[in-house]
Amino acid sequence: MGRTIKNQNTRRPKPVEKIQLSEKHIHLRVFLVILLLAVAAVSFTYALTSYLKEETGWKVIKVSSAAKANVGDEFTFQYELGGGETSATAEYKALTILYSDAAVKAYEIFSADESFEDVVNLYELNQHPGEVLTVEEPLYQALELLETYGNRNLYLGPVYEEMYNLFQCKEDYETASFDPEQNEVLREEFAVIADFAADPEAVDLKLLGENQVRLEVSEEYQNWMAENGYETYLDFYWMKNAFIVDYLADLMIENGYIRGAISSYDGFNRNLDEREQAYSFNILDRVGQDIYPAAVMEYSGPESIVYLRNYPVSDQDQAHYYEMKSGEIRTAYIDGKDGLSRTVRNDLVAYSSEKGCAEVLLTMIPVYISDSFDASALEKWTADGIYSIYCENRVIHYNDEKLTLKQLYQKDDLVYTAVLAE
């Protein structure tokens, strides 16, 4: 027979007493409740504003997450907040709005393969040869600059189409279809394109003033493009960010924001700061398969720096380079004479306090995209306020007597030295 477990609590619980709340001091209690709610609201507001408040000092300005397609991922905009007439928080908000709008606009107006409502860009020019179109002013200014420097790389659009496909390859065996160094048929096509691109009678942009442009293309070239499956006559491609960084920088300056610097991942840098504040720029040197931090360039004041290199240094570089397992590298630096990738040396830096990145780049191209290196040309640039730096056999050559080079690389038997051109 099982055990019976007795209930240890045999007493019935007392009924709960009802407490009558006095209506005495009811107004005081209501006042205290309201006061507590007010204190809570103030505390929440303070916490929120403290969270949103920007501190004085350097800050990376990013494109708003709500912005449409833009160039923000390709640029870094650093700015020192708090030095203007408004608070750091107000300055940050204004900068974010201005920079976000500019990043969207730059993406749209310099695009060669996308159409946007109410925007006449390179894509529209490519689609409407023979028609007079009114383009955005920054694009018109870029086209004027190309014409001034006699640079026709813009007309190598069909070559850039194929090279872009090459740079998207993941394995070497995939590259044969897009690499003219391996594909003789493609090599011949590129030579034909280069001939067309160099001939103003075959393809040319007529700048008509007041931002009006007409793309003229011969019937022969239009037929050839259609027969060979190409669609793009014009494309800035790898040059694009030089013009965009100038557009972004000039817009900031126009609006009074000068305590900062904007740089692209692919080597175009604009420092806006007019103060005597020290800035630095890393000078790299590629020898064989190795990349060395050769030195640090120190400078102050507004500066446009262009760094051309025929090797990738980050994942973003996939759009402009393909490196074979053998170590060979294909680049987007196309020579207009035959449509093939060509660079005279691994890296070259040029800078100017007087000109923008686009002008510095257009000065560099004839020397950098070449069969042989003409060092004397670099000396001629100095007359236009453009100075240069390059490395050769562990020697850093520069031609600006005011330049300061620091942290020259030294490790084991590898020692870099610097030489000022006479």
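**Figure 1. The sheet S8-S9-S16 in the predicted model.** Three strands make up this open sheet, and their pairing is antiparallel. Strand S8 (279–287) and strand S16 (404–406) are the edge strands, each paired on one side only. On average, neighbouring strands here are turned by 35° against each other, direction ignored.

**Figure 2. The hairpin of S8 and S9.** Strand S9 (residues 290–299) pairs with S8 in the antiparallel sense, over 9 bridges. One of the bridge pairs is Val287 with Asp290 in S9. Leu284 has Pro293 in S9 as its bridge partner. Between S8 and S9 lie 2 residues, and Gly288 in the turn has a positive phi of about 65°. Strands of a sheet pair through backbone hydrogen bonds.

**Figure 3. The open sheet of 9 strands.** The strand order is S1-S2-S6-S7-S10-S13-S14-S15-S19, and the pairing is mixed. At the edges are strand S1 (57–61) and strand S19 (417–420), each of which pairs on one side only. Neighbouring strands of this sheet are turned by 15° against each other on average, direction ignored. Within the sheet, strand S13 (residues 347–352) and strand S14 (residues 386–392) run antiparallel and are joined by 4 bridges. Ala350 stands opposite Ser388 in S14. In a regular strand the side chains alternate between the two faces of the sheet.

**Figure 4. Helices H8 and H9 on the sheet.** Helix H8 (residues 240–254) packs on the sheet and touches strand S2 (75–81), strand S6 (260–264) and strand S7 (268–271). The direction of H8 makes about 15° with that of S7. Helix H9 (residues 357–368) lies across S7, strand S10 (303–309), S13 and S14. H9 runs at about 35° to S10. S7 is thus listed for both H8 and H9.

**Figure 5. The contact of H8 with H9.** The axes of the two helices come within 7 Å and cross at roughly 155°. Because angles over 145 degrees count as roughly antiparallel, H8 is roughly antiparallel to H9. H8 contributes Ala242, Phe243, Val245 and Asp246 to the contact. From H9 come Cys357, Ala358, Leu361 and Leu362. By class, the contact has 7 nonpolar, no polar and 1 charged residues.

**Figure 6. The contact of H5 with H6.** The axes of H5 and helix H6 (residues 184–198) come within 9 Å and cross at roughly 150°. The two helices are therefore roughly antiparallel to each other. Pro158, Val159, Glu162 and Met163 of H5 meet Leu186, Phe190 and Ile193 of H6. These residues divide into 6 nonpolar, no polar and 1 charged.

**Figure 7. The largest pocket.** About 720 Å³ of space lies in this pocket. It is lined by 28 residues, of which Asp113, Tyr164, Asp235, Tyr237 and Lys240 are the closest to its centre. Helix H2 (88–109), helix H3 (122–127), helix H5 (157–167) and H8 each give two or more residues to the lining. By class, the lining of the pocket divides into 13 nonpolar, 7 polar and 8 charged residues. H5 also makes the contact with H6, and H8 the contact with H9.

**Figure 8. The largest cavity.** The count of cavities of 30 Å³ or more comes to 2. The largest cavity holds about 80 Å³ of space. Its lining is formed by Trp238, Asp266, Phe268, Leu308, His320, Tyr321, Ala332 and Tyr333. By class, 6 of the lining residues are nonpolar, 1 is polar and 1 is charged.

**Figure 9. The second largest cavity.** This cavity has a volume of about 40 Å³. It is lined by Ile283, Leu284, Tyr307, Asp347, Leu348, Val349, Ile389, Tyr390 and Cys391. S8, S13 and S14 each supply at least two residues of the lining. Leu284, one of the lining residues, is the bridge partner of Pro293 in S9. The lining has 8 nonpolar, no polar and 1 charged residues by class.

Key:
Residues numbered from 1 in each chain as written. Predicted model: local features only at pLDDT ≥ 70, side-chain atom pairs only at ≥ 80, totals over all residues. Heavy atoms only, no water. Pairing = 2+ DSSP bridges. Axes fitted to C-alpha atoms, helices over the stretch in contact; angles between N-to-C directions. Contact = heavy atoms within 4.5 Å. Parallel < 35°, antiparallel > 145°, perpendicular 65-115°, else oblique. Nonpolar A, V, L, I, M, F, W, Y, C, P; charged D, E, K, R; others polar. 1 Å grid on protein atoms, 1.4 Å probe; cavity = no way out; pocket = protein on both sides within 12 Å on 5 of 7 lines; lining within 4 Å. Points joined across faces, edges and corners; volume = space filled by probe spheres on them.
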